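Here's a quick briefing to read with the 3D view open. Take a look at the model first, then work through the topics one at a time.

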Amino acid sequence: MLIAVATLLMLTLGATAQNLNVPPGDNQPAIVTTYRPSAVVSARLQRQFLDNVRWSAGIPARDQLAAAFAERSPGEIWQELVAADGLKTGDAADALTAYWVLNWITANAAYDTKVDNGPVQAQVRQALADDPNFRTMNDRQKQEMAEGYILNFLLEHAALNDAVARKDIEALFKLSSASVARFRQQMGIDLLALAPGPEGLAPKAR
């Protein structure tokens, strides 16, 4: 589940870090991005995800992921990868933050760039607070959104790490192109036009 394109577009506009971090007031409603997870929802999402992987990447890729998930849940694997960035499971904003940063790195071939997730996290929280669709979501819907990003993060992260380790230029180019196309088509954002900074992922200076 993707949040509204208009809301995602505001992520790249000129809101300052100061504005993003002020306490909620009359013009800035509090927003709860966390949710109470359901094991039933997680199992359904994982089953659907593995089904999609089977048809898009093949049975061996599906079986490899299924074996990994049998040892540790997707949430546990994801948490280990992003814990150092201050991100946690059970929070839709954190899931989207990690996914956005990973795709920015992939699109821009910025494999050695250390992105400060804090400003991006604040950016995402503000966007969700401004999204009327997100404000009406219940726990199940937030979980579906968050775990969808987590599962796709794990798939894309593994593919990127493998291509970097093998120094496979062709695979890296394909992954970069896929990230660029995905965000342009689904979210209306040009990852190549953004750069990380104190305001999050913002338009590059001209």
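Let's start with a pocket: the lining of the second largest pocket is made up of 12 nonpolar, 4 polar and 2 charged residues. Keep in mind that you're looking at a predicted model. From here we'll go through both pockets, then one helix, one threonine and some salt bridges.

**The second largest pocket**

- This pocket has a volume of about 360 Å³.
- Its lining counts 18 residues, and Asp85, Val101, Leu102, Ile105 and His157 are the ones nearest the centre.
- Helix H5 (74-82), helix H6 (92-107) and H9 each chip in at least two lining residues.
- Which helix gives the largest share of this lining? That's H9, with 5 residues.

**The largest pocket**

- The space in the largest pocket comes to about 470 Å³.
- You'll find 19 residues lining the largest pocket, with Phe49, Val53, Leu65, Leu151 and Leu155 nearest its centre.
- Three helices give two or more residues to this lining: helix H3 (39-57), helix H4 (59-71) and helix H9 (139-166).
- H9 provides the largest share here, at 9 residues.
- Sorted by class, the lining of the largest pocket has 11 nonpolar, 7 polar and 1 charged residues.

**Helix H5 and its buried face**

- Pro74, Ile77, Trp78 and Val82 are the buried residues of H5.
- Why do they line one face of the helix? Look down the axis of H5: the buried residues fall within an arc of 120°, so they sit along one face.
- Covering those buried residues are parts of the structure that include H3, H4, H6 and H9.

**Thr106, tucked into H6**

- Find Thr106 in helix H6.
- Is Thr106 buried or exposed? Thr106 is buried, because its relative accessible area is 6% and the cut-off for buried is under 20%.
- Leaving aside residues up to four places away in sequence, Thr106 touches Leu160, Leu175, Ser176 and Ser179.

**Salt bridges**

- How many salt bridges does a search of the whole structure find? The search turns up 13.
- Asp63 pairs with Arg62 in a salt bridge, and their closest N and O atoms are 2.6 Å apart. Asp63 is partly exposed, with a relative accessible area of 38%.
- Glu144 forms a salt bridge with Arg140, where the closest N and O atoms are 2.9 Å apart. Both belong to helix H9, and because they are 4 residues apart, about one helical turn separates them.
- The two partners differ in exposure: Glu144 counts as buried at 14% relative accessibility, while Arg140 is partly exposed with a relative accessible area of 39%.
- Arg140 and Glu144 also belong to a network of salt bridges that links them with Arg44.
- Glu156 makes a salt bridge with Arg182, with the closest N and O atoms 3.4 Å apart. Glu156 is in helix H9 and Arg182 is in helix H10 (residues 169-187), so this pair ties together parts that are 26 residues apart in sequence.
- Glu156 counts as buried too, at 15% relative accessibility.

Key: Residues are numbered from 1 along each chain as its sequence is written. This is a predicted model: local features need pLDDT of at least 70, side-chain atom pairs count only at pLDDT 80 or more; totals for chains, interfaces and linings use all residues. Side-chain values use heavy atoms; hydrogens and water are left out. On a 1 Å grid over the protein atoms alone, a cavity is a set of points where a 1.4 Å probe fits but cannot get out, and a pocket is an open set with protein on both sides within 12 Å along at least five of seven lines; lining residues have an atom within 4 Å of a point. Grid points are joined across faces, edges and corners, and a volume is the space filled by probe spheres set on the points. Ala, Val, Leu, Ile, Met, Phe, Trp, Tyr, Cys and Pro count as nonpolar, Asp, Glu, Lys and Arg as charged, and the others, Gly among them, as polar. Buried means under 20% relative accessible area, exposed over 50%, partly exposed in between (1.4 Å probe, protein chains only). The arc is that of the directions from the helix axis to the C-beta atoms. Contact means heavy atoms within 4.5 Å. A salt bridge is a side-chain nitrogen of Lys or Arg within 4 Å of a carboxyl oxygen of Asp or Glu.
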